[in-house]
Amino acid sequence: MDTGQEGVALPRISRHPTAYLPIAMSLAALAVVIGRIALFGTAPDPDEGAAAHLFQLLLVAQFPIIGAFALRWLPRAPAAALRVLALQLLAALIALAPVFLLGF
């Protein structure tokens with residue numbers, strides 16, 4: 001198990017809300033997109049509905065949480081913190097992928 005430079009383990013960092021909340025929010029945003037597609041299909045909506053606004057709020061609200069995580073953990077355990085930040089970025093990109101691929 002990699003403990004980072006200062007001896008802080010990745011599992012210890014990943015239990016903090018600032019580590020897992022952005023990932024959960026990205027998954028919720030992905031669920032919103034999938035739910036909208038399942039209910040209404042892939043046809044573009046002429047007006048942004050509640051699903052689009054919820055998706056946008058879920059993604060934008062992650063930035064202060066990720067910033068708080070980075071400020072707290074990057075100085076203490078850079079290796080482990082960078083892994084968590086990479087997972088957070090990957091989750092956000094996965095949530096954004098259907099929007100870009102389907103042209104919403």
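The legends below accompany an overview and several close-up views of a predicted model of one protein chain.

**Figure 1. Overview of the protein chain, an arrangement of helices without strands.**
The predicted model contains 5 helices and 0 strands, and reading along the sequence gives the pattern α-α-α-α-α. The radius of gyration is 16 Å, well over the 13 Å that the globule rule gives for 104 residues, so the chain is more spread out than a compact globule. Along its principal axes the C-alpha trace spans about 50 × 25 × 20 Å. Of the 104 residues, 30% count as buried, and the chain exposes about 6,400 Å², of which carbon and sulfur atoms supply 73%. Among contacts between residues at least 6 apart in sequence, 73% join residues at least 24 apart. The chain carries 6 positive and 5 negative side chains, and the centres of these two sets lie 17 Å apart.

**Figure 2. Close-up of glutamine 88 in helix α5.**
Helix α5 comprises residues 78-102, and glutamine 88 lies within this element. With a relative accessibility of 1%, glutamine 88 counts as buried, because the cut-off for that class is under 20% relative accessible area. When its neighbours within four places in sequence are left aside, glutamine 88 is in contact with Thr18, Ala19, Pro22, Ile23, Ile66 and Phe69.

**Figure 3. Close-up of glutamine 62 in helix α4.**
Glutamine 62 is found in helix α4, which is made up of residues 62-73, and at 3% relative accessibility this residue counts as buried. The side chain of glutamine 62 reaches the backbone oxygen of leucine 58 at 3.4 Å. If residues up to four places away in sequence are not counted, glutamine 62 touches Pro22, Met25, Ser26 and Ala92. Pro22 is also listed among the residues in contact with glutamine 88.

**Figure 4. Close-up of isoleucine 37 in helix α2.**
Isoleucine 37 belongs to helix α2, which runs over residues 17-40. At 24% relative accessibility, isoleucine 37 counts as partly exposed, since the class of buried residues requires a value under 20% and the exposed class a value over 50%. Apart from residues up to four places away in sequence, isoleucine 37 touches Thr42, Leu102 and Phe104. Isoleucine 37 and serine 26 are separated by 11 residues in sequence and, from C-alpha to C-alpha, by 17 Å in space; serine 26 is one of the residues that glutamine 62 touches.

**Figure 5. Close-up of alanine 77 in the loop between α4 and α5.**
Alanine 77 is found in the loop that lies between α4 and α5, where this residue is buried, with a relative accessible area of 0%. The C-alpha atoms of alanine 77 and phenylalanine 63 are 20 Å apart in space, while the two residues are 14 apart in sequence.

**Figure 6. Close-up of histidine 53 in helix α3.**
Histidine 53 lies in helix α3, which comprises residues 50-60. Histidine 53 is partly exposed, with a relative accessible area of 40%. From C-alpha to C-alpha, histidine 53 and arginine 72 are 30 Å apart in space, and they are 19 residues apart in sequence.

How values were computed. Residues are numbered from 1 along each chain as its sequence is written. This is a predicted model: local features need pLDDT of at least 70, side-chain atom pairs count only at pLDDT 80 or more; totals for chains, interfaces and linings use all residues. Side-chain values use heavy atoms; hydrogens and water are left out. Helices (H or I, at least four residues) and strands (E, at least two) are DSSP runs, numbered from the N terminus. The radius of gyration is taken over C-alpha atoms; the globule rule is 2.2 Å times the number of residues to the power 0.38. Buried means under 20% relative accessible area, exposed over 50%, partly exposed in between (1.4 Å probe, protein chains only). Contact means heavy atoms within 4.5 Å. Accessible areas come from the Shrake-Rupley method with a 1.4 Å probe; for residues, only the protein chains shown count as cover. Lys and Arg count as positive and Asp and Glu as negative; His and the chain ends are not counted. The place of a charge is taken as NZ of Lys, CZ of Arg, CG of Asp or CD of Glu. A polar contact is a pair of N or O atoms within 3.5 Å; within protein, one must be able to donate a hydrogen and the other to accept it, and residues adjacent in sequence count only if both atoms are side-chain atoms.
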